[in-house]
Every structure is written in structure tokens, then in C-alpha cells.
Amino acid sequence: MSTTDDGAAGRNVSGAAGTPASAAPPDWEALRAAARGALRFAYAPYSGFPVGAAAVADDGRVLTGANVENAAYGVTLCAECSLVSALIMSGGGRLAAFTCTDADGRVIMACGRCRQLLWEHGGAELLVDTPHGVLTMDQVLPQAFGPENLARVRDGRPVDDGPAAGTQGTRETRAEAHGEEPS
Ligand code: THU
């Protein structure tokens, strides 16, 4: 995994140099080239199916990833896994546009598990390159389960007016949400 590769090094794939990805349409050809560049890092001795992935983050950063297989097949890491790790390990942020390619350079669709990964780090508006064109994340993973579902329940009980999604809240707000006296 890396934040740049031969396909994208030195380039801003968000459209205009220095423009945040969220403010300009992605340069899909540059992003696809970055995904093809990542293919050479794939470790796919079992399937013989290398995958390269590339994404642009909301600050214009380019992330890449490749699949990393394992003799225990089920432990295989898809290209999206290393891409998401690259996002987090290079400072975090949100994914704005994503593409994935096979060894022939064809755009492939993220598997079901990886759609969930992309949802977590890009949300409904993430632009996803697919064999049927560019779609939004909520089109490729409708009615997704996400962090807001968890925020609606705490300790097995519904939280009506609890803390906003993604926050833990204070001891007091958690207790109030459960109708308890804070200690
Ligand atoms: N693969 C990915 O890397 N991403 C996907 O979204 C689909 C599948 C990899 C996993 C495995 O190493 C190989 O493709 C064959 O399934």
C-alpha cells in the first residue's frame, strides 16, 4: 500500500492541481492508471488474480492498494483493505472517488465485504467506478448498515436523543439516555 505510485506520483487526480477532490470532478483516467500501477504489488499466488485499487481522498491525496492473499484462503486481504489501511496510516480523511482493476486493466466491482469497507470511509456520496459507469456508494450498497445504526443503540437499549453518531458521549449523557442517574 502507498499514498502514491507510478500511475499517480506527483499528480493530483482531483482534476486541477491543488484543488481538493471534493471541489472538482475526479480525473478518472489518472485514478485508473494509479490502480493499474498498484497491480505489481499484488500478492496473489493462490488465485492468480491480482487486483489494484486507487482512490482519491477529500484532501486530494491518492491512496492505492493491492490484494494480499494467504495460504489460509479466507484470510486474504482484498486490494480495498490495503487501500483503506493506507488512508488511515497516512492521516485519515474521507474517500471521494474509488476505482479497482484486474490484471487486464478492466474496472472490476468491489466485493460485498469491501463495499462495506468503502461505505465506512467514504459514505453514501463516494463515487465508485464500476463496469456500468461511475455510481455513488449508496447505489452500490443500498440501505447500508453503518455507524449511525450503532449510535441508535447503546448497551442494548435504544437511544432516542443520545449523542451524535461517532461520539461516545459523556458518562452523564450516556446515563441520561438510559434513564439512569449519573453516578
Ligand atoms: N479481490 C479484491 O482484491 N478485491 C475485490 O473487491 C474482489 C476480489 C481479490 C481477492 C482475491 O485475492 C482475488 O481477488 C480473487 O478473489
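## Around the ligand

A residue counts as near the ligand if one of its heavy atoms lies within 4 Å of it. In this predicted model, the residues that surround the ligand are S47, F49, V51, N67, E69, T76, C78, A79, E80, M109, A110 and C111. Sorted by character, this shell holds seven nonpolar, three polar and two charged residues.

Three polar approaches are worth a look on your screen. The side chain of E69 brings an N or O atom to 2.4 Å from an oxygen atom of the ligand. From the backbone of A79, an N or O atom sits 2.8 Å from a ligand oxygen, and a polar backbone atom of C111 is 2.9 Å from an oxygen atom of the ligand. On its own the ligand would expose 370 Å², and the protein buries 78% of that.

## The cysteines

How many disulfides does a search of the whole structure find? The result is zero. Two cysteines of the ligand shell, C78 and C111, help to show how this comes about. A disulfide requires two cysteine sulfur atoms within 2.5 Å. For C78, the closest cysteine sulfur belongs to C114 and is 3.8 Å away, so the pair is too far apart for a bond. C111 also has C114 as the owner of its closest cysteine sulfur, at 3.6 Å, and this too is too far for a bond.

As for its surroundings, C111 is partly exposed, with a relative accessible area of 33%.

## D102, an acidic residue under cover

Now follow the chain to D102, in the loop that runs between β3 (95-101) and α3 (112-122). Is D102 buried or exposed? Its relative accessible area is 6%, and because buried means under 20%, D102 is buried.

The side chain of D102 reaches the backbone nitrogen of R106, at a distance of 2.9 Å. Leaving out residues up to four places away in sequence, D102 touches L39, F49, P50 and I108. One of these, F49, also belongs to the residues around the ligand.

## Two covered helices

Helix α1 (residues 28-38) is mostly covered, with nine of its 11 residues buried. Those nine are W28, A30, L31, R32, A33, A34, A35, G37 and A38. They pack against the strands β1 (52-57), β2 (62-66), β3, β4 (127-130) and β5 (133-136).

Helix α2 (residues 79-89) is mostly covered as well, and here eight of 11 residues are buried. The buried set consists of A79, E80, C81, S82, L83, V84, A86 and L87. A79 and E80 are also found in the ligand shell. Among the elements that cover the buried residues of α2 are β1, β2, β3 and α3. After α2 comes G91, which has a positive phi near 120°.

## The whole chain

Stepping back, the protein chain has six helices and seven strands. Along the sequence they follow the pattern α-β-β-α-β-α-β-β-α-α-β-β-α. Of the 183 residues in the chain, 41% are buried.

Contacts across the sequence can be put in numbers too: among those between residues at least 6 apart, 55% join residues at least 24 apart. On the outside, the protein chain exposes about 9600 Å², of which carbon and sulfur atoms supply 54%.

Technical notes. Residues numbered from 1 in each chain as written. Predicted model: local features only at pLDDT ≥ 70, side-chain atom pairs only at ≥ 80, totals over all residues. Heavy atoms only, no water. Polar contact = N/O pair within 3.5 Å; in protein donor to acceptor, adjacent residues only side chain to side chain. Areas by Shrake-Rupley, 256 points an atom, 1.4 Å probe, with all protein chains shown as cover. Nonpolar A, V, L, I, M, F, W, Y, C, P; charged D, E, K, R; others polar. Helix = DSSP H or I, 4+ residues; strand = E, 2+ residues; numbered from the N terminus. Buried < 20%, exposed > 50% of the residue type's maximum accessible area, 1.4 Å probe, protein only. Contact = heavy atoms within 4.5 Å.
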